[in-house]
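Thank you all for coming. I would like to walk you slowly through one structure this morning, so please look at the screen with me before I begin.

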Amino acid sequence: PPPAEKFEYQAEVSRLMDLIVNSLYSNKEVFLRELISNASDALDKLRYLSVTNPELSKDAADLDIRIYADKENGVITLTDSGIGMTRQELVDCLGTIAQSGTAKFLKALKDNKDAGGDNNLIGQFGVGFYSAFLVADRVTVSTKSPKSDKQYVWEGEADSSSYTIKEETDPQLIIPRGTRITLHLKRDDKGFADPERIQKLVKNYSQFVSFPIYTWQEKGYTKEVEVDDDPAESKKDDQDDQTERKKKTKKVVERYWDWELTNEMQPIWLRNSKEVTTEEYNEFYRKTFNEYLDPLASSHFTTEGEVEFRSILYVPPVSPMGKDDVVNQKTKNIRLYVKRVFISDDFDGELFPRYLSFIKGVVDSHDLPLNVSREILQESRIVRIMKKRLVKKAFDMILGISLSENREDYEKFWDNFGKHLKLGCIEDRENHKRLAPLLRFFSSQSENDMISLDEYVENMKAEQKLYTTLHPTALQVLYLVEPIDEVAIQSLKSYKDKDFIDISKEDLDLGDKNEEKEAAVKKEFGQTCDWIKKRLGDKVASVQISSRLSSSPCVLVSGKFGWSANMERLMKAQSA
Ligand code: ADP
Ligand code: MG
């Protein structure tokens, strides 16, 4: 066969490899995700092309990925039966950067560096095939395309600006179709060649790749084997009675190695929601988020049109830190996949606003690039649209709980997450219409049961029809007992065109003015007021006649534009 031919990398590739090799970064393990995702892409391509050309897959019917970890030698081999590459494709795909994603990455990296940033950025990107050099100092790619009758080997080293291509000649390494990638791990990274570690990584990153991923694992089964008796004992037996001698057995574990299916293939969110049971959704929730309690509600949906994604969202049954936790924006509650490949669960407000960060779930996008980074997420129009839809679905789900027959469910929800929704009133004006119906308060007519604003409004109408003049104590009043309540209500301002009025403030207008009576009262008590004001001096802003009182002679109120007594308490508490 002709000797190996040497090629120089395109300048950008050299730069990229340089960066990868010389950047210390903590996320080395992404190499496996990248290689699996390439294998999965190659299988996807083959599957797609063989629909119209069945000849393509005749050489090997099984579409799968196999990962073999050789612990002793620090070598990982990843084989797929996908579309493979021709010799020219090896040059084009692994010697140049044709991919816009990788090119963008380089640009972002440059911009970041120019701006004085550090190399850490690299950890947030998928760098595709070259991420193999994060852990390997030598990589060989042996590949056979159905378009070619020869199999070729690409070989590259971590600190080199060139690579070689030759024909595969070892008969033991000939494959019918697809690609075998061999990673010769760096001395410090040999630990990755551990079957158990590989299994864990596959489970974490590629659990839902839709082709079977097999890993080479040690297995065992127990069997009974005969054991020789103690020689002394058997001698004794011999002397006694041959026929009475019993055969002794013991249990031993027989070890062997075999391929083990490591992923599940059909992610639950790709299934038809009509065919998934509540128990399956709950199990997926418990398994994915390591929970032991079932969620309060779940929602499984697909969106199409402008952006395409599938998602399952959950409302957890309890707040993770107890109901008094500070609302935490950084959680690992949403797992983002792109075309079934796990991307990240490390979000900071990109997919849900802070006050809804308690929502858990998975989101699988069809429109985002696999190497999507935090920076891309923050700027992406697609992500903004996704966020809007996700928020709407989350509200629908919460509303669903509130409308459930089982009142206890919503009480539980409110107990745990009521504070979050009040925070939403303050922080998310756009969603006031969705938030307000979900709020609950104690009131003067329901001191032990919380009511919704709708229930309040219903009561209000009925009473106003019945009584034209309303005695103040007959009015239902919402109790704002928690520190955040008042700020939340102030942000809402009104509900269904009815303004919230703070009854502890001056100028309370209950709509029962009687001008004649007022004039008379003013005449009678005007001087008294003046006298009280003179005695109290600067301690009060003014002294006025009021119609709000029914059983006490006077009340201290705050000015219309002043702080309420409650706010005053809050401010005092803060400055103390
Ligand atoms: P991307 O996957 O974003 O295209 P990569 O750097 O991961 O970028 O891979 C570069 C290219 O190399 C791929 O687009 C594909 O054409 C080719 N390639 C990589 N791995 C395989 C594989 N296992 N089988 C076939 N082609 C592959
Ligand atoms: Mg790739």
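Which strands does helix 7 lie across? This is a predicted model, I should say, and in it helix 7, residues 278-289, lies across strand 10, strand 11, strand 12 and strand 14, running at about 95° to strand 10.

Those strands bring us to the sheet itself, which is open and has five strands in the order 10-11-14-12-13, with mixed pairing. Its edges are strand 10, at 297-303, and strand 13, at 341-344, each of which pairs on one side only, and from one strand to the next the twist averages 20°. If you follow strand 12, residues 334-338, you will find that it runs parallel to strand 14, residues 360-365, and that five bridges join the two; Tyr337, for example, stands opposite Asp364 in strand 14.

Let me turn now to a pair of helices. Helix 9, residues 381-402, and helix 10, residues 407-427, have axes that come within 7 Å and cross at roughly 130°, which makes helix 9 oblique to helix 10. Where they meet, Ile398, Ile401 and Ser402 from helix 9 face Asp409, Tyr410 and Phe413 from helix 10, so that, by class, the contact has four nonpolar residues, one polar and one charged.

Finally, please look at helix 14, residues 515-536, which has a kink of about 50° centred on Phe525. Helix 14 is hardly covered, since the count of buried residues among its 22 residues is zero, and just after this helix comes Gly537, which takes a positive phi of about 60°.

Methods. Residues are numbered from 1 along each chain as its sequence is written. Chains are lettered from A and ligands numbered from 1 in the order in which they are written. This is a predicted model: local features need pLDDT of at least 70, side-chain atom pairs count only at pLDDT 80 or more; totals for chains, interfaces and linings use all residues. Two strands pair if DSSP finds at least two bridges between them. Helices (H or I, at least four residues) and strands (E, at least two) are DSSP runs, numbered from the N terminus. Axes are lines fitted to C-alpha atoms, for helices over the stretch in contact, and angles run from 0 to 180 degrees between N-to-C directions. Two residues are in contact if their C-beta atoms, placed from the backbone, lie within 7 Å. The bend at a residue is the angle between axes fitted to the seven residues ending there and the seven starting there. A residue is buried if 20 or more other C-beta atoms lie within 10 Å of its own, exposed if 12 or fewer, and partly exposed in between; C-beta atoms are placed from the backbone. Angles under 35 degrees count as roughly parallel, over 145 as roughly antiparallel, 65 to 115 as roughly perpendicular and the rest as oblique.
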